Amino acid sequence: MKKWLGVLLAAILVLALAACGGNNNDSAEGGKDGKLVKLKVGASNVPHAEILEKAKPILKKKGIDLEIITFQDYILPNKALADKDIDANYFQHIPYLESQMKEHGYDFVNAGGIHIEPIGLYSKKYKSIEELPDGATIIMSNSVADHGRILSMLQEKGLIKLKPGVDKTKATVNDIIENPKHLKFKADVDAGLLPQIYKNGEGDAVLINANYALDAGLDPAKDPIAVESPKNNPYVNIIAVRKGDENRKEIKTLVEVLQSKEIQDFIKEKYHGAVIPAATNNQ
């Protein structure tokens, strides 16, 4: 009886040690005790959610279970972050984040820049900006945070001239001092509707954010008659988090992975200039 009892105890000990060994192996792949840490990130469908999907398996190896929550507009992702429904969001550039914090009192911070989406001027009627007629109507987003960006691009292309010294991220139509083609601006359209407005042939030209253009099947690198320069571009798309969360290990890891060569190369290869890695932005 004692002999059999000893054999049984030895077998139990071997199984226990094997189980402990298995837990140690899991811990190398996951979080504490081999469990993955859940991280919810809100994002626009394209390109943000696509980029996050590429990062997902890399994050899993680092112990993070990434859950991607997609949004169709620019308002709800920040509300969800403020309400703690998500841990971070990835859809907006720095000037937009700053305007939203000022307007809504959000206590957010920029945890890291990932990419740039050059905005484009599209036209069904004309093949170049030089062809735009006198009095042409330019349709653009109702997002005030994008107005300075759009007007700066039009100035860069020689269509208008803004007041000297005006902050390019805050310029408005009222800051135009020279408008030789007497361009008219329609700035009351939701950004998500701009691709359809372009396809409908409305106005003479439409300014469309690259993410909405991509989502609508357009090529932001080839289809526009003019594209914003990415050089020294302040409109870097970022990971935004609640103040203090930028120091969380999971958030730091998320940003590190998105800024890694593997993900930045993926952005270059997949979007062919329609989306540009922030690392190539000469700020």
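**Exercise 1. Locate Lys 84 and describe its backbone and its exposure.**

Solution. Lys 84 lies in the loop between α3 (76–82) and β3 (88–93), where helices (H or I, at least four residues) and strands (E, at least two) are DSSP runs numbered from the N terminus. The model is a predicted one, in which local features need pLDDT of at least 70 and side-chain atom pairs count only at pLDDT 80 or more, while totals for chains, interfaces and linings use all residues. Residues are numbered from 1 along each chain as its sequence is written, and side-chain values use heavy atoms, with hydrogens and water left out. The next step is the backbone: phi of Lys 84 is near 65 degrees, a positive value in a residue other than glycine. Lys 84 is exposed, with a relative accessible area of 62%; on this scale buried means under 20%, exposed over 50%, and partly exposed in between (1.4 Å probe, protein chains only).

**Exercise 2. Carry out the same kind of reading for His 272.**

Solution. His 272 is placed in the loop between α9 (261–271) and β13 (276–277). Although His 272 is not a glycine, its phi is positive, at about 50 degrees. As for accessibility, His 272 is exposed, its relative accessible area being 62%.

**Exercise 3. Follow helix α2 from its span to the residue after it.**

Solution. Helix α2 (residues 45–61) has 17 residues and reaches 24 Å from its first C-alpha to its last, close to the 24 Å expected at 1.5 Å a residue, the expected span being 1.5 Å times one less than the number of residues. Within α2 there is a bend of about 40 degrees at Ala 55, and a proline, Pro 57, follows within four residues; the bend is the angle between axes fitted to the seven residues ending there and the seven starting there. Another proline, Pro 47, also has its place in helix α2, and a cis peptide bond with omega of about 0 degrees joins Val 46 to Pro 47. The buried residues of α2 include Val 46, Pro 47 and Ala 55. After α2 comes Gly 63, whose phi is positive, near 90 degrees.

**Exercise 4. Describe the lining of the largest pocket by element and by class.**

Solution. By element, α4 gives the most to this lining, with seven residues. By class, the lining has nine nonpolar, seven polar and six charged residues, where Ala, Val, Leu, Ile, Met, Phe, Trp, Tyr, Cys and Pro count as nonpolar, Asp, Glu, Lys and Arg as charged, and the others, Gly among them, as polar. A pocket here is an open set of points on a 1 Å grid over the protein atoms alone, where a 1.4 Å probe fits, with protein on both sides within 12 Å along at least five of seven lines, and lining residues have an atom within 4 Å of a point.
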